[in-house]
Amino acid sequence: MRRYLSSVAAIIQPSKLASILVIWSITLLYVLFQGGKTAFMLFIMVSVLIAYLIAGGLGGVRRAKGTRSLYSEQDKGDLLSAGGHLRVKLKVTIPGILPLPYVVVREVLKRHNGESWVFEESVIPSLRGIGELKFQTPALERGTYTFANTDIISQDIFGLVEHKGTFLSEGQFQVLPRAIYVPRWQLYERKSRLSGPQTSVVQSRRETTQINGVRDYVYGDRLTRIHWNATAKTGSWKSKEFEHESIPKTIIVLDGSTSAYMNTNQFELAVSVTASLLGFGIRERIGIGLCCLDKTTKVFAPVEGAAERQKMIQYLIDLNAEGRGPLISRLEKGYRMFPKGSYFVLISPQRGQPVLDALRWADSRGMTASHIHVRNSAEVNRGNDWIDVLRSRGITGYGISSLQELPSVLGGEG
């Protein structure tokens, strides 16, 4: 008897178990001292109810299981861009033969930086113990998200007994940084004193005579450009694609210093600017690399391939601005992967001597340095003082206070 009571106490809170025993004892005493059909029926009803409540905890929600499905408006449900919503469908199966009027399902979504969201909703399971929960997440920011343990709570209408089950249904997805379309970048439309006498104009890069592949026919292609063999094999018009003249490679340096950023939004802006420039490089087939000065110095060599560029964007997902120390000391750790004669683009909220030292360091190693200054809201009204300082020293500088400004500023319109 003691073992049975201890097992029951393990699934029912002691205070509520005491209340149940008190009620059952009262009905038992009522039968013993009063007698009669009414007292006996009341005792039977209370006993059956208590047995039902205890049996629900022994074989109900405590053995519940579930499967989760993720959906989004984009093509990949497990990978979406910042600002997007994710639809979640959780199918819960509760074993046992005893029906449950309803259960409460509690979901917890955790972000890589420690933030969390709780989604709680009641579900009415079917006679077979199957229920389905659907909900939509709020607008999500950049990061890796993981669903924690799911809680299933069952409670009787009197509030006497509460049973709780927990299961883990794996669910993880990533949210890419915000990015904006950059049609042109003035940096590639100027003569670089380190890249030779030619002018690199991305939008009008001349093609060589070297065939690089085959692409779909575009209205206006000349007859001599049509690839007749590919057209005959595929049944649709194909054109030859030629390699373009080479232009200097670019290395984007993202400053991830903890003390440099006034708030989280400013760092998110820096990451979004970086992602936008990487997207520009993919479209224009420019060899762009990435250097992240975060907790560790991570360098990706400049490449033109979309697969390698995607790895760079993936690396941006979990950055938290945890870097410490001077910029130069961290740049020294990866300078061997910085191509000589390339463009060195520093994305940082810092200004003054630390930035000048970093730009001078790049110049001393044969790179053409420029700075994209990520401003906070307090610096917007200060104008372009820092940009004027850079230009007085012959250094290209851009001031960005919002992501929407990036296309016009890079294009020379801001």
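The following exchange concerns helix H8, a three-stranded sheet and alanine 321 in a predicted model.

Trainee: How far apart are the end C-alpha atoms of helix H8 (residues 353-364)?

Mentor: Helix H8 holds 12 residues, and at 1.5 Å a residue the expected span is 16 Å. The distance in the model agrees with this expectation, the end C-alpha atoms being apart by 16 Å.

Trainee: Which elements do the buried residues of H8 pack against?

Mentor: The buried residues of H8 are Val355, Leu356, Ala358, Leu359, Trp361 and Ala362. An α-helix has 3.6 residues a turn, so residues three or four places apart point the same way. The packing partners of the buried residues of H8 are helix H7 (327-331), strand S16 (343-348), strand S17 (368-374) and helix H9 (385-392).

Trainee: Which are the edge strands of the open sheet with the order S1-S3-S6?

Mentor: This open sheet has three strands with antiparallel pairing. An edge strand pairs on one side only, which holds for strand S1 (65-71) and strand S6 (130-136).

Trainee: Which residue in S6 is the bridge partner of lysine 91?

Mentor: Strand S3 (residues 87-93) pairs with S6 in the antiparallel sense over seven bridges. For lysine 91, the bridge partner in S6 is glutamate 132.

Trainee: Is alanine 321 buried or exposed?

Mentor: Alanine 321 is located in the loop between helix H6 (306-316) and H7. Its phi is positive, about 55°, although the residue is not a glycine. Buried means under 20% relative accessible area. With a relative accessible area of 12%, alanine 321 is therefore buried.

Terms used
Residues numbered from 1 in each chain as written. Predicted model: local features only at pLDDT ≥ 70, side-chain atom pairs only at ≥ 80, totals over all residues. Heavy atoms only, no water. Helix = DSSP H or I, 4+ residues; strand = E, 2+ residues; numbered from the N terminus. Expected span 1.5 Å × (residues − 1). Buried < 20%, exposed > 50% of the residue type's maximum accessible area, 1.4 Å probe, protein only. Contact = heavy atoms within 4.5 Å. Pairing = 2+ DSSP bridges.
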